[in-house]
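Hi,

Here is the structure I said I'd pass on. Have a look first, and my notes follow below.

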Amino acid sequence: MRCPVVLECWVVVIGAFLAACLPPTGANDPKARNLLLVTIDTLRADHLGVYGYERPTSPHLDEFAKDAVVFDAAHSSSSWTLPGIATLMTGLYTSTHGCWNGRSYLPALIPTLAEQLTGEGFDTGAVVSHVFLDPRYGLHQGFGMYDDELVSKTKRKSHLAVTSPQIADKAIGWLEARAEADMRPWFLWLHFFDPHRRYLAHEPADRYDGEIAFSDLHLGRILDRLDALGMRDATLVIVTSDHGEEFLEHGGTGHRSTLYQEVQRVPLVIRAPGIEPGRRGEAVSLADIAPTVLELLGVAPLDSIAGRSLVPSLRGEALPDRPVVAELGGNLVWSRSIIGGRWKLLVDYENERQQLFDLDSDPAEKRNLAESEPERVVELREQLQSEIARALKWQKAYGPTGALDLSPSDLEQLRELGYTEN
Ligand SMILES: [Zn+2]
């Protein structure tokens, strides 16, 4: 009678093995309770290992991404910090939030992710390091703790300061305090600045890539600490950027001049409890992040949202069709882009020029197909107009946007960062 016993043992062993391999189901599904949102300024996706870069700029992010969903076609709503972060925090495009130029600020009436989470009882904190994250630009709205010491202390020389180690130290301190208290769910936003120009040399890599590797090192310290504190299984972690950087692909350098992919495309890596790791190819936007986060945390959505929740995509289902829009301007609107599927239309209002690119066959945007595909241009242009009409309608509902009074020293600082205001 030994046979059935042996068989039974094997059934138990195989059963245990299968249970260990299969994802947990039903009531045992792990759920995100906290949110760690990390933005790394001026971070091009294609300069990261996880996006195929050949240099070892991002070992910690690459390791983190193995347990996360990686979006291969994520896009900023513009090509510089203020509008990009305003979109991230509100789910709205620039035509609604109004952060067009260096004198703009986010109006207090516009609801933000931090306000929504604070209202739901979350403990909210931010550690930032960019002049455009100074509270006068309004992106601090809703945060219970908003640490801008790294901006206010360095003032005009902030672009020459190295800030990643301090951001990581402050973040780790904040997380440790939350672990001790362990009461309320929390939301921590960290903004790293080091890859922004001027690029400073760090061993062992050079300049821009070196700044990325340096930021990655300190990102790794934070992620390790999160694990060590036992917070990993309850924390949704998102790593992204506000925009990329040009290196002469279309004749320029820096950012806030164009809306080509080198400045519009950003990394987006989401590690969510209960979500299987993988890669996604659909075009998504920074505007999609707030609705995604709120759904994953089980919090009511914001009133008006240009983006859509990426939760279906995270679960491996199809996303509702929605084009991705980006806008760039100063006192006037300079240009807009719209991405629908593989196609991108770039409208340059200043030079009355339209460019159509097939991002699948021409990701570097070298062949303008506007003349050979006039119907596609018309279709995208109509979609763009309807998106902008909706955004402007909301803008009216939120009331007029104002302008900051910048001092000559403020303007000089923006010039040193590569921005010119007229
Ligand atoms: Zn930036």
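Where does the second largest pocket lie? It lies between domain 1 (31–322) and domain 2 (327–416), because both give residues to its lining; the domain bounds come from an automatic or database assignment.

Before the rest, the small print. This is a predicted model, where local features need pLDDT of at least 70 and side-chain atom pairs count only at pLDDT 80 or more, while totals for chains, interfaces and linings use all residues. Residues are numbered from 1 along each chain as its sequence is written, and side-chain values use heavy atoms, with hydrogens and water left out.

Back to the pocket (on a 1 Å grid over the protein atoms alone, an open set of points where a 1.4 Å probe fits, with protein on both sides within 12 Å along at least five of seven lines; lining residues have an atom within 4 Å of a point). The second largest pocket holds about 380 Å³, counted as the space filled by probe spheres set on the points. Its lining has 22 residues, and His75, Gln261, Arg265, Leu359 and Pro363 lie nearest the centre. β2 (69–75) and α9 (261–264) each supply at least two lining residues, with β2 giving the most, three.

Then there's the zinc ion. Asp41 (OD, listed twice), Thr81 (OG1), Asp242 (OD) and His243 (NE2) coordinate the zinc ion at 2.0 to 2.7 Å; donors are N, O and S atoms within 2.8 Å of the metal (3.2 Å for Na, K and Ca), and with water not among the atoms, sites may look incomplete. The donor spacing in sequence is D-x39-T-x160-D-H.

Cheers

How values were computed: Helices (H or I, at least four residues) and strands (E, at least two) are DSSP runs, numbered from the N terminus.
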